[in-house]
Amino acid sequence: MPVWEWLLDIVGVCLLLALLYGISLIVRRRLLARHGGTFELSFRVRTEHPGRGWLLGIGRYSGQSLEWFRIFSLSPRPKRVWARDLLEYSGRRAPAGPEEMSLYDGHVVAACHYDGHPLEIAMSESALTGFQSWLESGPPGTDWDRR
């Protein structure tokens, strides 16, 4: 078999794998959305450098927690889970500098604290309104000791 035929076979296999990966991402997104609405949610992993360290993802509310899935992962499990009772909203800001290129278009950065540690997530304006409502509306009886 000539070398060019081997190269064509390798290119064909690579294209097939890329196609299967893309189809798998679409199927995964559909399966995640089946259990409730999903929304675009970015999470800032590293905060050492201003404006850097953002990972694109998908957010989903699941009972008393907010689940975050990486956008280009095939894993059906969330990469991060934040419990509602440990999550506190601090404020919002517009993306600045390199963040504008790292985040989805039209997203705002929400500054939060999770269990006393700073946390930054980014989402659209409408998703932020839903996030604030979700944080404020706990199930009956959960804030019985709040004065």
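Strands S2 and S3 run antiparallel to each other and are paired over two bridges; two strands count as paired if DSSP finds at least two bridges between them. Helices and strands here are DSSP runs, helices (H or I) of at least four residues and strands (E) of at least two, numbered from the N terminus. One of the rungs joins Arg44 to Trp54, its bridge partner in S3.

A quick word on what you're looking at: this is a predicted model, where local features need pLDDT of at least 70 and side-chain atom pairs count only at pLDDT 80 or more, while totals for chains, interfaces and linings use all residues. Residues are numbered from 1 along each chain as its sequence is written, and side-chain values use heavy atoms, with hydrogens and water left out.

**The sheet around S2**

Zooming out from that pair, there are five strands in an open antiparallel sheet, in the order S3-S2-S9-S8-S7. S3 (54-55) and S7 sit at the edges with a single partner strand each, so one side of each has no neighbour in the sheet.

Where does Ser42 lie? Ser42 belongs to strand S2, which covers residues 42-44. Ser42 is buried, at 0% relative accessibility (buried means under 20% relative accessible area, exposed over 50%, and partly exposed in between, with a 1.4 Å probe and protein chains only). Contact means heavy atoms within 4.5 Å. Leaving aside neighbours within four places in sequence, the contacts of Ser42 include Trp54 and Leu55, Leu103 and Tyr104, and also Glu120, Ile121 and Ala122.

**Salt bridges**

How many salt bridges does the structure hold? There are six, a salt bridge being a side-chain nitrogen of Lys or Arg within 4 Å of a carboxyl oxygen of Asp or Glu. Here are some of them:

| Pair | N to O distance |
|---|---|
| Arg60 and Glu67 | 2.6 Å |
| Arg92 and Glu125 | 2.9 Å |
| Arg93 and Glu99 | 2.8 Å |

Take Arg92 and Glu125, whose side chains meet in a salt bridge. Arg92 is in strand S7 and Glu125 in helix H3, so the pair ties together parts that are 33 residues apart in sequence. Arg92 is partly exposed, with a relative accessible area of 47%, and Glu125 is partly exposed too, at 36%.

With Arg60 and Glu67, things look rather more hidden: Arg60 is buried at a relative accessible area of 10%, and Glu67 is buried, also at 10%.

Then there's Arg93 with Glu99. Arg93 is partly exposed at 32%, whereas Glu99 is buried at 2%. These two belong to a network of salt bridges that links Arg44, Arg93, Glu99 and Glu120.**Aromatic pairs**

A search of the whole structure turns up six aromatic pairs. Rings of Phe, Tyr and Trp (its six-membered ring) pair if their centres lie within 6.5 Å; planes under 30 degrees apart count as stacked, over 60 as edge-to-face and the rest as tilted. Tyr89 and Phe131 make one such pair, edge-to-face, at 6.5 Å centre to centre and with 70° between the planes. This pair links distant parts of the chain, with Tyr89 in strand S7 (residues 87-93) and Phe131 in helix H3 (residues 125-136), 42 residues apart.

Is Phe131 buried or exposed? Phe131 is buried, with a relative accessible area of 0%, while Tyr89 is partly exposed at 25%. Both rings are members of one aromatic cluster, made up of Phe39, Tyr61, Tyr89, Phe131 and Trp134.

**A nonpolar patch, and Arg70**

Over on the surface, Val13, Leu16, Leu17, Leu19, Leu20, Ile23, Val27 and Leu31 form a nonpolar patch with about 730 Å² of accessible area together. Patches are made of residues with over 30% relative accessible area and no salt bridge, with like charges joined within 9 Å and nonpolar side chains (Val, Leu, Ile, Met, Phe, Trp, Tyr) within 5 Å. Accessible areas come from the Shrake-Rupley method with a 1.4 Å probe, and for residues only the protein chains shown count as cover. Leu19, one of the patch residues, is found in helix H1 (residues 3-34) and counts as exposed at 52% relative accessibility.

Finally, Arg70 is in strand S5, residues 65-70, and is partly exposed with a relative accessible area of 37%. Leaving aside neighbours within four places in sequence, Arg70 is in contact with Arg28, Leu55, Leu56, Gly57 and Lys79. Between the C-alpha atoms of Arg70 and Arg60, which are 10 residues apart along the chain, the separation is 12 Å.
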